[in-house]
Amino acid sequence: MAVGPASVARPAPVVDRRASPRRVLEREGAFSWIMLAPGVLFLLAFVAYPFFYGIYLSLQDRPVAKPGLFVGLANFINLAHDAVFWQVTRNTFLYVAVTTVFKLLGGLAMALVMNQTFRGRNLTRAFLLLPFIVPTILSTIAWMWIFDPTFSVINWTLVNTGVVAKGFSWLGNATLAMVAIIIVNTWRGIPFYGISILAGLQTISPDLYEAAAIDGASINQRFWYVTMPIIKPILIIVTMFSVIFTFADFQIVYALTHGGPANATQVFVTYAYDLGMSAGQLGMGAAAALTMLPALVLLIIGLTLYLRRE
Amino acid sequence: MVGAHRLGTRIVRLYIPLAVCMVLMLFPFYWMLITSIKPNRELYSQKVMPLIVHQPTLKHYYDLLSETNFITWTYNTLLVAVVTTVVSLILGTMMAYPLARLKFPGAAVVAIGVAATYLVPQPLLFIPMADIINRLDLGNTLTAVMLTYPTLLIPFCAWLLMGYFKSVPRELEEAARIDGASRFQAMARVVLPLCTPGLLSAGIFAFTLAQNEFLYALIFLAKSDVRTVPVGAITELIRGDVFYWGQLMAAALLGSVPVAIIYSFFVDYYVAGLTAGSVKT
């Protein structure tokens, strides 16, 4: 058998109109879907399926490791009749509202300070972002010690400067425990606002301020009529992202107070965790988690519409 | 006199607020550091001035490394973070590229799906997920968290990278295509290299998110030798009412080191990733 270069023996190449793998990959639609398939399948299996399975669970009486019993909306009705659930709702909204205001104001202040030129600005920015990048549980451990009933450094300072005679039991008192989780969440979130707003401030051309100054605008006027309109979209987007993630916060509350004392700092996620994981009532837990959905859907639709309009 | 006046304004408007910011933001880290090197007699005394260390000691670090599984936890945390970051970056890129640059049926639905999965928070999913992981018999394995972390990271990477991919001029890709490059080659050799900063941003951000994850790790990893640093520290250095404060602080500090090192090298990319969502769109 003659062995020679394969091409010699073959007729001149004709264009192959059938679908060879290579040709399929050149089609826009086929190429796109082949690229998308692994990610889409993964997200369907591990996000979409659990989401709908969670709705199914919420309609069951389902202790861990036992078969479920369909109970319709009984879990939701039980929650609606539970005073703790309404306390959890109030706590969550208070937590989100107060921290958002403080983070927005604090972040704006940080951004305005950082928007001046000075030596070492990039290094300072890197340090100021640390609360946001260090794993939350680990920094909350430091805060747990700061709020320790006996050895709190805040108490030590207040007592030794003569402000109060006796230190506070930060995490043992209902109001102070709420104050504590608000402080930690605000501390962790301010850099996110600050650095995002700073990035927006840096897009503002100095010419605009000069023009405004020439026209006789005061510092206040320059802030409200030049700065604000330009950074408004950033403020809105950052705030909405932050509200969504604060709403779903678990780590800070779990580590600092576990929702205590007596549910005073219990929020949706820690409550769902207690019901579903600690008490092993998967159905009740899933139902409690799902009660967050209406507010979240509204927020997400709002954010999506706003992003589209921009 | 003008100079003195300027310096005065600068002190009031820059240096004082800046110092306040720095102290408020960094005090907890200072507190972590000095608590971790205080001997117990200083830690648990209300008489000693707590703001400085009088007799520093490395005992808590020694105890942490010799008496607990901290080294295993660190290994687990890093392994999971690296694997999930790489996987999510690859799958995220594969999703973002067609969504950002190609036209095909179903594109709008997938794009909305990615945005929705990015914004729908983990707390809605953790209870059903716990049951699913149980049924898959993956409890107490690192596979459990390696499977679940990408649900948070892939949508984020895809979302961030779409913005970068859109910014590459179409002509560059078309020129490569005319020269005979396949679609895949045009992506891999033209668009991706131009988007290296975006890939770095997404990777670094995903890495810090993976290190920060707590809820899934808490639920799925109940055995000491599979735990991550945050879960190990909070479950094993607090036993009942006993808090091992020195070791807790040492663990918190050492546990933050990998993130801080990566972050310090790529801080600009991190900031770019952080602000891309809010500033670019």
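This passage walks through a predicted model of a two-chain complex, from overall confidence down to single residues.

Local features are described only where pLDDT is at least 70, and side-chain atom pairs count only at pLDDT 80 or more, while totals for chains, interfaces and linings use all residues. Residues are numbered from 1 along each chain as its sequence is written, and chains are lettered from A, with ligands numbered from 1, in the order in which they are written.

First, the scores. For the complex, the predictor gives an ipTM of 0.91 and a pTM of 0.90. The pLDDT is the predictor's confidence in each residue, on a scale from 0 to 100. Its average over chain B is 90, and 97% of the residues there score at least 70. Within chain B, confidence peaks in helix α4 (residues 70-101), at a mean of 96, and bottoms out in helix α14 (residues 267-280), at 74. As a rule of thumb, predicted coordinates should not be read in detail where pLDDT is low.

Next comes chain A. Its secondary structure amounts to 16 helices and two strands; here helices (H or I, at least four residues) and strands (E, at least two) are DSSP runs, numbered from the N terminus. Chain A has a radius of gyration of 28 Å, whereas a compact globule of 310 residues would sit near 19 Å. That radius is taken over C-alpha atoms, and the globule rule is 2.2 Å times the number of residues to the power 0.38. Along the principal axes, the C-alpha trace of chain A spans about 105 × 70 × 40 Å. Of the 310 residues in chain A, 39% are buried. A residue counts as buried if 20 or more other C-beta atoms lie within 10 Å of its own, as exposed if 12 or fewer do, and as partly exposed in between, with C-beta atoms placed from the backbone.

Contacts tell a bit more about chain A. Two residues are in contact if their C-beta atoms, placed from the backbone, lie within 7 Å. Among the contacts in chain A with a separation of 6 or more, 67% are between residues 24 or more positions apart. The domain assignment splits off domain 1 (21-58) and domain 2 (74-309) in chain A; such bounds come from an automatic or database domain assignment. The C-alpha centres of these two domains of chain A are 34 Å apart. Where they meet, four residues of domain 1 of chain A are in contact with seven of domain 2 of chain A. The domain 1 side of that meeting point has two nonpolar, two polar and no charged residues. In this scheme, Ala, Val, Leu, Ile, Met, Phe, Trp, Tyr, Cys and Pro are nonpolar, Asp, Glu, Lys and Arg are charged, and the others, Gly among them, are polar.

Chain B gets the same treatment. It has 14 helices and two strands. Its radius of gyration is 24 Å, against a value near 19 Å for a compact globule of 281 residues. Its C-alpha atoms fill a box of roughly 75 × 75 × 30 Å along the principal axes, and 47% of its 281 residues are buried. Domain 1 of chain B covers 2-57 and domain 2 covers 60-280, with 33 Å between their C-alpha centres. Seven residues of domain 1 of chain B are in contact with eight residues of domain 2 of chain B. On the domain 1 side, α1(B) gives the most, with four residues.

One residue worth a look is S36(B), which sits in helix α1 of chain B. S36(B) is buried because 27 other C-beta atoms lie within 10 Å. Leaving out residues up to four places away in sequence, S36(B) touches H60(B), Y61(B), G246(B), M249(B), A250(B) and L253(B). The C-alpha atoms of S36(B) and Q247(B) are separated by 6.7 Å, although the two are 211 residues apart along the chain.

Helix α10 (residues 196-212) of chain B is another spot to check. Twelve of the 17 residues of α10(B) are buried, so this helix is largely enclosed by the rest of the structure. The buried ones include G198(B), F205(B) and Q211(B).

Finally, the two chains meet. The contact takes 75 residues from chain A and 75 residues from chain B. Helix α3 (residues 28-58) of chain A gives the most to chain A's side, with 19 residues. By class, that side has 58 nonpolar, 14 polar and three charged residues.
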